[in-house]
Amino acid sequence: MIDPNNVYFYIIFLVQILLASWYIPNKILERMQTVMNSYPPNEYPKLYSGSIDGYKKTQNIYRSINKTLFTVGFSLLSAIVMWDYTTEGQISPMIPWAYFMLQMMPFLWLEIKEYKSFKAMRNNNTDPKKSATIMPRKLFDFLSPKLFGFAIIVLLTAFSLVIVKYGFSGKAFQNIIIILATNLFFAGIAYWNIYGTKQDPYQSNEDRIKILSVTVKSMVFVSIGVSVFLSIQMLIKIYDLNFLKTIAMSVYCQLILWASVGNRLKELKLENIDFSVYKNKEEPSISS
């Protein structure tokens, strides 16, 4: 007999399948296609470090991978429902997490492709004029102090709940160290983006500031999501609400996706990006 509590998980997990393997991938593909149609290589040659066929192949592979993961997700959900119908055991919270790791692989693959594309663009950049622009280099140039303060408060709340559950024990210390290390990793990504090499050599100063701001905020949003998830995990343990573990894990995965990829798509609208920098500069005509 199906556990009524698990029905809520089926709904939440279905949303995870649709969100990470259908909705957001389709938004990304639509964005890629719009760029290619609106800013073709013959007019914006600096935007492309490879052939159009290569970009189309990337899109087709990305589409195929997500279709496969979409099918895997529904097959997994069907298997879980059948297992739940014939068994009285609890659904492992690692199932939505393991599937989420698979769902994130196409996004990671695209990030690697983008990094290689930017590297090729830098190598192909033969413009002798390297304009030096003054760039903001402080954290609060890209992030509001209020959001940063909120992230700290949520983090300290999570630590407090860990202490309530485990006391000043090795288990509490282990949880705190893991979360601190995770936040240091996010801080490292933000630092690398702010102080590292400019990835896109043609990008306007205004667009770079905008992208840096979105990236830094995304890292903070993900950090907040991690802290909230830890707090929920502690509350589940404190009040013995184990049936919520799997639901909480799936919701956490979706929040992480929205905080990173979803927020980037929402904030970086194509119509607000200056694509004129990817055109070839017109050479001044010499009159006789």
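# Exercises on an all-helix chain

The place of Y239 is in the loop between α6 and α7. The structure is a predicted model, and the exercises below begin with this residue.

**Exercise 1. Determine whether Y239 is buried or exposed, and state how far its C-alpha atom lies from that of V162.**

Solution. The relative accessibility of Y239 is 58%. The cut-off for an exposed residue is over 50%, so Y239 counts as exposed. Along the chain, Y239 and V162 are 77 residues apart, and 13 Å separates their C-alpha atoms.

**Exercise 2. Describe the overall make-up of the chain: its elements, its extent and its contacts.**

Solution. Begin with the elements: there are seven helices and zero strands, and the order from the N terminus is α-α-α-α-α-α-α. Next, consider extent: along the principal axes, the C-alpha atoms fill a box of roughly 90 × 40 × 25 Å. Of the 288 residues, 38% count as buried. Finally, take the contacts between residues at least 6 apart in sequence: 82% of these join residues at least 24 apart.

**Exercise 3. Test whether the length of helix α3 agrees with its number of residues, and locate its bend.**

Solution. Helix α3 covers residues 94-124, which is 31 residues. At 1.5 Å a residue, the helix should span 45 Å. The end C-alpha atoms are 45 Å apart, so the two values agree. The helix nevertheless bends by about 30° at M105. A proline, P106, follows within four residues of the bend.

**Exercise 4. Identify which residues of α3 are buried and which helices they pack against.**

Solution. The buried residues of α3 are P96, Y99, F100, Q103, M104, P106, F107, L110, S117, F118 and M121. An α-helix has 3.6 residues a turn, so residues three or four places apart point the same way. With that spacing in mind, one may read along the buried set, which includes Y99, Q103, P106 and L110. The packing partners of the buried residues are α1 (4-38), α2 (52-86) and α7 (245-267).

**Exercise 5. Characterise the packing of α2 with α3 by angle, axis distance and residue class.**

Solution. Two packed helices are described by the angle between their axes and the distance between the axes. For α2 and α3 the angle is about 175° and the axes are 10 Å apart. The two helices are therefore roughly antiparallel to each other. On the α2 side, the contact includes Y55, I61, I65, L69, G73 and I80, and on the α3 side it includes I95, Y99, P106, L110, K113 and S117. By class, the residues of this contact divide into 16 nonpolar, five polar and one charged.

**Exercise 6. Repeat the analysis for α5 and α6, then place S204 and G188.**

Solution. Helices α5 and α6 pack at about 175°, with 9 Å between their axes. That makes α5 roughly antiparallel to α6. Among the residues in contact are I179, F186 and I194 of α5, and R208, L212, M219 and M234 of α6. This contact has twelve nonpolar, five polar and one charged residues.

The loop between α5 (170-195) and α6 (205-238) holds S204. With a relative accessible area of 11%, S204 is buried. Leaving aside residues up to four places away in sequence, S204 touches D274 and V277.

G188 is found in α5 itself. Its relative accessible area is 36%, so G188 is partly exposed. From C-alpha to C-alpha, G188 lies 17 Å from Y115, and the two are 73 residues apart in sequence.

Technical notes
Residues are numbered from 1 along each chain as its sequence is written. This is a predicted model: local features need pLDDT of at least 70, side-chain atom pairs count only at pLDDT 80 or more; totals for chains, interfaces and linings use all residues. Side-chain values use heavy atoms; hydrogens and water are left out. The expected span of a helix is 1.5 Å times one less than its number of residues. The bend at a residue is the angle between axes fitted to the seven residues ending there and the seven starting there. Buried means under 20% relative accessible area, exposed over 50%, partly exposed in between (1.4 Å probe, protein chains only). Contact means heavy atoms within 4.5 Å. Axes are lines fitted to C-alpha atoms, for helices over the stretch in contact, and angles run from 0 to 180 degrees between N-to-C directions. Angles under 35 degrees count as roughly parallel, over 145 as roughly antiparallel, 65 to 115 as roughly perpendicular and the rest as oblique. Ala, Val, Leu, Ile, Met, Phe, Trp, Tyr, Cys and Pro count as nonpolar, Asp, Glu, Lys and Arg as charged, and the others, Gly among them, as polar.
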